[in-house]
Amino acid sequence: MFDVDRYLAVLGQSSRPEPTREVLALLHRRHLATLPYDSSLNAGRGLALWAGIDIDVDAVFDEIVTGDRGGVCYELNGLFRELLARLGYEVGVLAAGIRQVDGSFGPDLEHVLSFARVDGESLLVDVGFVGPSYLEPLRLSDEVQHQAGTDFRVVPDGGYQVVQRRGRVGEWQPVYRLHPRPRALSEWRRPDTGLEEFARRLAGAGTVVRGRATDTGQKILIGRRLLVVDDGKDTLRGLVTQADLDDAVADILRRPA
Amino acid sequence: MSDDRLVAALRAALVENERLRNGAGARSEPIAIVAAACRLPGGVRSPEDLWELVAAGRDAVSGFPTDRGWDLGALYDPDPGAAGRSYVREGGFVDGAGDFDAGFFGISPREALAMDPQQRLLLELSWELVERAGIDPTSLQGSDTGVYTGVMYHDYASGLREVPEGLEGFLGTGNSGSVVSGRVAYTLGLQGPAITVDTACSSSLVGVHLAARALRAGECSLALAGGVALLFSPAPFVEFSRQRGLAPDGRCKAFADAADGTGWAEGAAVLLLERLSDAHRNGHPVLGLVRGSAVNQDGASNGLTAPNGPAQQRVIRRALADAGLGPADVDTVEGHGTGTTLGDPIEAQALLATYGRERPADRPLLLGSLKSNIGHTQAAAGVAGIIKILEALRHGVLPATLHVDRPSSRVDWSGGAVELLTDARAWRRGAGPRRAGVSSFGVSGTNAHVIVEEAPPAPVDDGPTGPPPGTVPLAVSGADADGLRAQAARLADSLDVGEAGLADVALSLTTTRASLAHRAVVVAGSRAQAVSGLRALAAGRPAPHVVTGSARVDGRIALVLPGQGTHWAGMGADLLAWPRFAEAIDEIAAALHPHVGWDLRAVLTAAPDAPGLDRVDVVQPASFAVGVALARLWESFGIRPDAVVGHSQGEIAAATVAGALSVADGALVVAVRSGLIAQTLSGHGGMASLARTPADVTERLRHRAGALEIAAVNSPRSVVVAGDPDAVRELVAEVEAEGGRARWVPVDYASHTAHVEKIESELRAALAGVRPRTSAIPFYSTAEGAWVDGTALDGGYWYRNLRRPVGFAAATASLLEQGFRVFVEAGAHPVLTGSVQESIDGSGAVAAVTGSLRREDGGPARFLTSLATLHVHGVPVDWSPLYARTSTRPTTLPTYAFRRRRYWLESEAFPVTTTSGPETETAAAETPEPDLAALPEDARVAALTEIVRADAAAVLGHSGPEAVAPDAVFFETGFTSLTAVEVRDRLAARTGLELPSLLIFDHPTPQLLADHLAQELADVRR
């Protein structure tokens, strides 16, 4: 059963805070560091990857917040949106196409995230994305926003707003692109061949993606490739042995190894 | 003549006599054979292998090789008259004659393909030879070592119709005889004479003769001498078939009645030669001596290629004269003995006429020939014969010569005392040392004879006899990661079966082997630990006390002396057994004695009556002592700092190590100052370390002005604050609430704040007598943020050091900027290595950082592991103090595990004329597409692994698949998401499978990916 106080306790807050920008940033960070992303559930969902997009907040709360599993984008962001709303924030749904490994972008509805309106400004809120990405809400601005050794900015490009990231070394890299207009969850129920084809390819790959934030960055496990982002520095490692893989999964899902 | 002039004349005469004696001594000095190495038919890869073969009476002659493009079907014709055909179809061949570890020698696959395999074989064999002498091959760089190499075949690339693409420019040097010796000299950096000798079948023995002469003449101090012969085409068989000079069965029946011709074979054999006195002085093994040698010519004989008996007699007599010996002083002759009906009788008669005379009838000369086992290895034959003799000396047995039905009836054996070795015989020492003559006669008429003598007794070992160290570093290395792992496996195997002491092995690894780029050290206290560590290394598994790295760090060394927080009960106690450490501790204990009421050794060993480290006036002097003693220990192992830098109170130890403070003054400063802190400041403050940037902390301190100050900036994101305990507590809580890391420093005072102003005047007064000096090692001050001359480190400085914040991050950054690349923290537990690493990471420099000891892990094993950390990164370490005064001695080690791949230019098939392109193994071009479906499971995975490696290498822009090892992790070898997709695209195209773009995310190495692809292909077929 969805419980604001238990939720806040899991995120390390002992009392109900005021809906300020600072509190939002703190909860966002804590959420990413506490509740991991885990795509392994998609494996059982076939091509109906977005069927459960309108989550049952009570059931998913029990499984993820007080249970011990990770979640996918619409679960984690759905729960967080509910929390923020109950704390008095004005929130809504956004959708994004994620930059793929070949440099292209996924379909517009691929990824579900949120926005929150604070002090009259809309901020991107996303605790359901494996990253590497922002740890605190992002302003929709092409000004550089610095977070934990990493730079972010949001730049317009061909009708989209593209979230870009730049670590301590390297160039600006797109994270995902979006139209900054609120979405209705019913949009995902319309037939969409682009989305279906995308789901088919994803299902074919079967690669499991998991991740969680740390104090200074993120740990992202894609298949057997572990990316550790620490203070803006990316370290890649291939986990060749099962033991190394198990350790990494246990660490990310916060389970005993 | 006056007395004076007489004395002067006598003195001059004495000097002249001495000079003559030295000259004569040098001219006749025996030449020591300090190592031997060979590749011969029958899978012989070492002198030991050769002994096994001859001792067992094995015959190594086999069918023609199938891997050289010879048209075996068309080649054979039993009719000796058939043009272009060979009536022989067997010979002695070297296994893997085309295989080579090109990467090890820094040779590109393309050049390796164009290079004569004789050059390549000689390179590997030369490296191995030097290793077998217990000499680090890289240590010969720039020495006056000579190279004398016999070569007679120059036709590797001669069958090419046209030069294959990409090989032009390499074929010239790659196939020149001169470059066979020149390339060895070039690769090892040898500056003595490098000479290629071609006297046909006597080449290698002539090489030995020339090398011995050059050594005696002082032209070189060490020489590699040997020869190589590989058969690139069947032409020698065809040619000799016409002359009917070959035994139809390919066997040399030396000196036998059944002799019916010679049998061609391949081989490579080399010796390392050194003047005997040098070999003894350098501690090199002496396998035997070249006691004397001679070379001559047949002259205008019976025919250009016909042997000349009188010339052979003369060369034997000259060699005996060179050795100062008579015929009876030699027990046996390893004959040329090729098994020809013409040559063998002439040789036997010459032996009968020389060695057969002038000797007792009951001690006949024993005659044998290695050619009966392996065939005629031509340019390598003479040295191969010497290696057989060296092994026979070692084992005390003269092995049997094969295929002798009865001694040749064409020889009058009654002409002297010569007997054929038809059976193996014990080889016992008579009146003098055992000796053998070795003969080689070239087809062009150049004869050589060498007299080999058993090694004299080694000089008495009167070295130290203390017990060897219990814990030792086993250092192994490879030119690449695979080589390192293969080497670890070899060493583990040899430790499994060998009897050499572990310390002897450890010593030998660091003194008799090259330290190549990819390095690892296993620190072991027992053979079992050593083997398990090496096995882990070979399997690529991490293991405790095993460090690996690559020698990429190049720069100056900074010694870092830490401040608070390194101590633990028992720190340093386990190192007191090491004299250098104990001496330093005792020196400091004596210096502390006038100022403290306790005993340093008692404190370090946590003796029951000693005060605890919870007292600031105990822990600071004790940490000072351990820091200074560790610095001395590092220095004794060759880690001499180019600068010292101290953190807070660590600056007192740093100044002492630098020589700015005497040990007495260092002890005074640390004892007096910590005493004042204990009396006056203790209980009034607190300190905490925060994982926050300096800017962030400055911001937080703004509204806490007066209560808190920044005490130290350790790294760009690690700051220490100090001040009133309540304020520290509140700030720690604030940072923790944000999820940040904050840690109390376990002290109850506030250094580097206004608190310490209370003791300023008292401290200055107490330290007024400190007499700082210009330091021997530059001192970078973290209190001043600059290099400081030692004379400035007076009492006033030691107050400022306590009052001002510690600019450690700035100091580290500045040192990095000034080219410091090695940071060694001399403390009982590393507290600054993390901060240094952060600064290194931020700077992008390739640098190494290590601590010394660790909490509860403060003995020799940990210190050696710390030393090893530097060694594997390329910092030269002097391991010798570990073995000083002990009975540890160099021992035999496995040689380098070359990672060979085949490179072979296929010549035009002979005699049938069909053109075939070169068999390019140079990957990145086009890898031939094997029919995967037709292959059995194992072979399919292997083929797929090769395909994956080739594609991965190509995408990364490497010239060949060897750049991507089968177990290389893609994302650690330079892959990005984009290049990952390229590999996927290539593999999808090759296999026809639909493959996901995240393919190599899931299957992170070529091997794992090949397994997966094989599975996918099998699934598709089902």
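**Exercise 1. Is helix 22 of chain B mostly covered or mostly uncovered, and how many of its residues are buried?**

Solution. Keep in mind that we're working with a predicted model.

Step 1: Find the helix. Helix 22 of chain B runs over residues 663-681, which gives it 19 residues.

Step 2: Count the buried ones, taking buried as under 20% relative accessible area. In helix 22 of chain B, 14 of the 19 residues pass, so the helix is mostly covered.

Step 3: Check the length. From first C-alpha to last, helix 22 reaches 26 Å, close to the 27 Å expected at 1.5 Å a residue.

Step 4: Look at what follows. After helix 22 of chain B comes B:Gly683, and its phi is positive, near 90 degrees.

**Exercise 2. Put helix 22 into the setting of chain B as a whole.**

Solution.

Step 1: Take stock of the secondary structure. Chain B has 33 helices and 30 strands.

Step 2: Get the dimensions. Along the principal axes, the C-alpha atoms of chain B fill a box of roughly 110 × 105 × 50 Å.

Step 3: Work out burial for the chain. Of the 1022 residues in chain B, 58% are buried.

Step 4: See how far contacts reach along the sequence. Take the contacts in chain B between residues at least 6 apart: 78% of these join residues at least 24 apart.

**Exercise 3. Describe how chain A and chain B meet.**

Solution.

Step 1: Count residues on each side. Chain A brings 22 residues into contact with 24 residues of chain B.

Step 2: Put an area on it. Interface size is often quoted as the accessible area lost when the parts come together. Here chains A and B bury about 1900 Å² between them, with 60% of it on carbon and sulfur atoms.

Step 3: Pick out the big contributors on chain A. A:Val101, A:Arg225 and A:Val240 lose the most area to chain B, and together they account for 29% of what that side buries.

**Exercise 4. Which polar links cross the interface, and which elements of chain A touch chain B?**

Solution.

Step 1: Start with charges. Three salt bridges turn up across the interface of chains A and B. One pairing is B:Arg717 with A:Asp231, where the closest N and O atoms are 3.4 Å apart.

Step 2: Add polar contacts. Five residue pairs, both residues at pLDDT 80 or more, are in polar contact across the interface of chains A and B.

Step 3: Map chain A's side. Helix 2 (21-34), helix 5 (193-205), strand 12 (225-230) and strand 13 (233-238) of chain A each give two or more residues. Strand 13 gives the most, with four.

Step 4: Sort by residue type. The side of chain A that touches chain B splits into seven nonpolar, five polar and ten charged residues.

Methods. Residues are numbered from 1 along each chain as its sequence is written. Chains are lettered from A and ligands numbered from 1 in the order in which they are written. This is a predicted model: local features need pLDDT of at least 70, side-chain atom pairs count only at pLDDT 80 or more; totals for chains, interfaces and linings use all residues. Side-chain values use heavy atoms; hydrogens and water are left out. Contact means heavy atoms within 4.5 Å. Buried area is the accessible area (1.4 Å probe) that two parts lose on being put together, summed over both. A salt bridge is a side-chain nitrogen of Lys or Arg within 4 Å of a carboxyl oxygen of Asp or Glu. A polar contact is a pair of N or O atoms within 3.5 Å; within protein, one must be able to donate a hydrogen and the other to accept it, and residues adjacent in sequence count only if both atoms are side-chain atoms. Ala, Val, Leu, Ile, Met, Phe, Trp, Tyr, Cys and Pro count as nonpolar, Asp, Glu, Lys and Arg as charged, and the others, Gly among them, as polar. The expected span of a helix is 1.5 Å times one less than its number of residues. Buried means under 20% relative accessible area, exposed over 50%, partly exposed in between (1.4 Å probe, protein chains only).
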